[in-house]
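Thanks for coming. I will take a few minutes to go through one structure, part by part.

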Amino acid sequence: GERVAIKKVAKKKVYITSTLLWEIKQARDVSHENTVRFVGACIDLPRPTILILTEYCPKGSLKDVLENEAIQLDWNFRMSLIHDVVKGMAYLHNSDVGVHGKLRSCNCLIDGRFVLKISDFGLRTLTTPSEFVRDQNYYNSNLNALDLLPTTVIPGTPATQKGDVYSFAIILEEIVVRGGPYETARQVAAHESPPFRPFVGQRDCPPDLLDLMEKCWSDSPDDRPSFIQIKSTVKLIMKGFCENLMDDLLRRMEQYANNLESLVEEKTEQLSMEKRRTEELLYQVLPRPVAQQLLAGEMVQPEQFECVTIYFSDIVGFTALCAQSRPMEVVDFLNDLYSTFDRIIEFYDVYKVETIGDAYMVVSGLPERNGHDHAREIGLMSLAILDAVKSFTIKHKPEQQLKIRIGIHSGPVCAGVVGQKMPHYCLFGDTVNTASRMESTGHPLKIHVSEAAKQILDKFGTFRLELRGEVELKGKGICTTFWLLECSEPDPRPPTPMKNYIDNDVPFPILFPAIGK
C-alpha cells in the first residue's frame, strides 16, 4: 500500500454540493513537483470525522526544520527551500485553485528528497472549521502570515493572491532568522501606523532577499509583487546558489568523495611509508631474505652452510675503561665505534650478526652463499676496520689509543631464527666457538687467522700472512695460527673516514632517534 498523510477536519456536517465537488476536482488536478498531491477524502466512523488524505512527506514541515537546531542550514539549503516555495505558489496562482489562503511554514512540507512542497491548499468548503475562536492558539497557529488577518483566513472573507504574497514574506523572515513571528502577531493585527513588521536587521543573507521580503509585506496589497515577478527575482538571486537541494547534496557528496579519495591516497602513502620504515627496521635486525620470509608469513627453516667465514673483535681494556667512565660516556663511545664499523661493513658482502657489550660479530657466506669469497670479504673488511680503529678518537678520553683484537675462522655452521619474541638470526656450530677463541687469544691491533681461513685466503694470492705458531685454544688443543698483515690487491671500495655526529646529524635515525642529541 501507499503511505499517506491524514488531516482530520472538525466539522459536524458536510453537504455534497457542486462547489465541494468542484474544489475536490481542482485539488485532484494540481500536479507539480512543489505541491503536495491530493489523494482523497473520507469519513471515519463510528464518530463521523472528515479525513483528508494527501501525499506523505517524511521530513516534516519547514517550521520543524527551522526549529530543529541540530540541522545546519547554510544558504544553499535555505535558497533551495525558498525557490521551492516560489515555484509551488507560482503554479498554484496560475492553476484553477488560484489562491492558497493559508500559506504558513507549517504548511510547507519536505519530502524524502528534501524537496519542499506546498500543502493545505484548496478544499475551502471542507477545511473551514464550523466554529472559530480567536484565542492565543489562533494567533500562534495562523499568524505566520498576517495579511492572513483579517482578509485571508477568517471564515467568510475571501483569500487573495496578494495575501499569499504577504504570507510568503513572513515565511522569508522565518527562514532568515530561523524563528517564528508569533510574539509580534497582535502588533501586526492592530494595523498600527506606520505598519509594524518583524525586525530582521542585517543578516548574512543576500541583500536582494531582504529587499524582496520588504516589498512582499508592504502594507498596501497593490505594492506587493506577484509570484511570477517573485519567481524572476528569486531566479536572479539564485545565481551562485544550487537551485535543487538534491543536486547540491550530490555535488557535496561528489566533492566529499573527491576529498575522501585524496585523503585515502594520502593515508595510503603514509601507510606505505610506515610499511617501508618497518621493513627497513626489520632488514637492519635480520638478513633481508630471512626478513622477507617472515613478512610473507612463512616459517624460516634452519639451514646448514658448508663453509662461511666468521669475524670476532673485542675492545682491549674495555672493563677498565668502563670503570673510569660514566655510563652515558660508555654508550656514546660504543655508538661512535660501532657506527664506524657499520659504515665500513656496508661496502662488503657480509652480515652483522650481533654486538654483545664490546664484542662485534660479523659473518660472510650466509644467508646467501658466495663461493670462497666469504674469506676474502672478511679479510678485506678486517683490514679496513683495523685502519679505522688506529685513527679512532675516544671523545671523553682523547689521549687514550683505542685497541681491539680481531679473530677470523672459516668452517661449517647452521643458521636460523630463534625465538618468537624479538626474533634473532643466530649461528650455531664449532666454527663460531673457534672464531671466538681466535679473537680471545689474539693480540691488540692484530688480525688473528686460523689455518682453515688461511687456506682459503691463499687461493686469492693477494693476502700476506705471517705465521704466528702454535697456540692452545680452549676445547681445541694446540692449533697453528697466523697474522693477517695486508692485501696487495687494491681495495676498490672507498675508505671510511671517522665522523663525529653533532646537532641533528644522527646515524640510523630509525633505530636510534635520540643518539647525538
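**Loops, a sheet and a helix pair**

I will start with Phe-114, which sits in the loop between S4 and S5. Keep in mind throughout that this is a predicted model. As background, most residues other than glycine have a negative phi, and most peptide bonds are trans. Phe-114 is not a glycine, yet its phi is positive, at about 60 degrees. Is Phe-114 buried, partly exposed or exposed? Its relative accessibility is 26%, and because buried means under 20% and exposed over 50%, Phe-114 counts as partly exposed.

Now to Asp-120, in the loop between S5 and H4. Asp-120 also has a positive phi, of about 65 degrees, without being a glycine. Its relative accessibility is 19%, so Asp-120 counts as buried. The cut-off is under 20%.

The residue before it in the numbering is Ser-119, in the loop that runs between strand S5, residues 116-118, and helix H4, residues 124-127. Ser-119 is buried, with a relative accessible area of 9%. What does Ser-119 contact, once its neighbours within four places in sequence are left aside? The answer is Val-36, His-100, Asn-107 and Leu-109.

Asn-107 takes us to another loop, the one between helix H3, residues 75-93, and strand S4, residues 108-110. Asn-107 is buried as well, with a relative accessible area of 6%. Not counting residues up to four places away in sequence, Asn-107 touches His-100, Lys-102, Lys-117, Ile-118, Ser-119 and Asp-120. So Asp-120, the residue with the positive phi, turns up again here as a contact of Asn-107.

One more loop before the sheet. Where is Pro-367? Pro-367 lies between strand S8, residues 359-364, and helix H15, residues 373-390. The peptide bond that joins Leu-366 and Pro-367 is cis, with omega at about 0 degrees.

Next, the sheet. Strands of a sheet pair through backbone hydrogen bonds, either parallel or antiparallel. Here three strands form an open sheet, with antiparallel pairing, in the order S1-S3-S2. Which strands stand at the edges? They are S1, residues 4-9, and S2, residues 38-44; each has a single partner strand, so one side of each has no neighbour in the sheet. On average, neighbouring strands in this sheet are turned by 25 degrees against each other, direction ignored.

Looking at one of the pairings, S2 and S3, residues 49-55, run antiparallel and are joined over six bridges. Within S3, Thr-49 is the residue that stands opposite Asp-44.

Last, a pair of helices. Two packed helices are described by the angle between their axes and the distance between the axes. For helix H9, residues 207-216, and helix H10, residues 227-237, the angle is about 165 degrees and the axes are 10 Å apart. That angle makes H9 roughly antiparallel to H10, because the cut-off for that term is over 145. H9 passes H10 in a left-handed crossing.

Which residues make the contact? From H9 they are Asp-208, Leu-209, Leu-212 and Cys-216. From H10 they are Ile-230, Thr-233, Val-234 and Ile-237. Sorted by class, the contact of H9 with H10 holds six nonpolar, one polar and one charged residues.

That is the end of the walk-through.

Technical notes:
Residues numbered from 1 in each chain as written. Predicted model: local features only at pLDDT ≥ 70, side-chain atom pairs only at ≥ 80, totals over all residues. Heavy atoms only, no water. Pairing = 2+ DSSP bridges. Helix = DSSP H or I, 4+ residues; strand = E, 2+ residues; numbered from the N terminus. Axes fitted to C-alpha atoms, helices over the stretch in contact; angles between N-to-C directions. Parallel < 35°, antiparallel > 145°, perpendicular 65-115°, else oblique. Left-handed = near helix turned anticlockwise from the far one by under 90°. Contact = heavy atoms within 4.5 Å. Nonpolar A, V, L, I, M, F, W, Y, C, P; charged D, E, K, R; others polar. Buried < 20%, exposed > 50% of the residue type's maximum accessible area, 1.4 Å probe, protein only.
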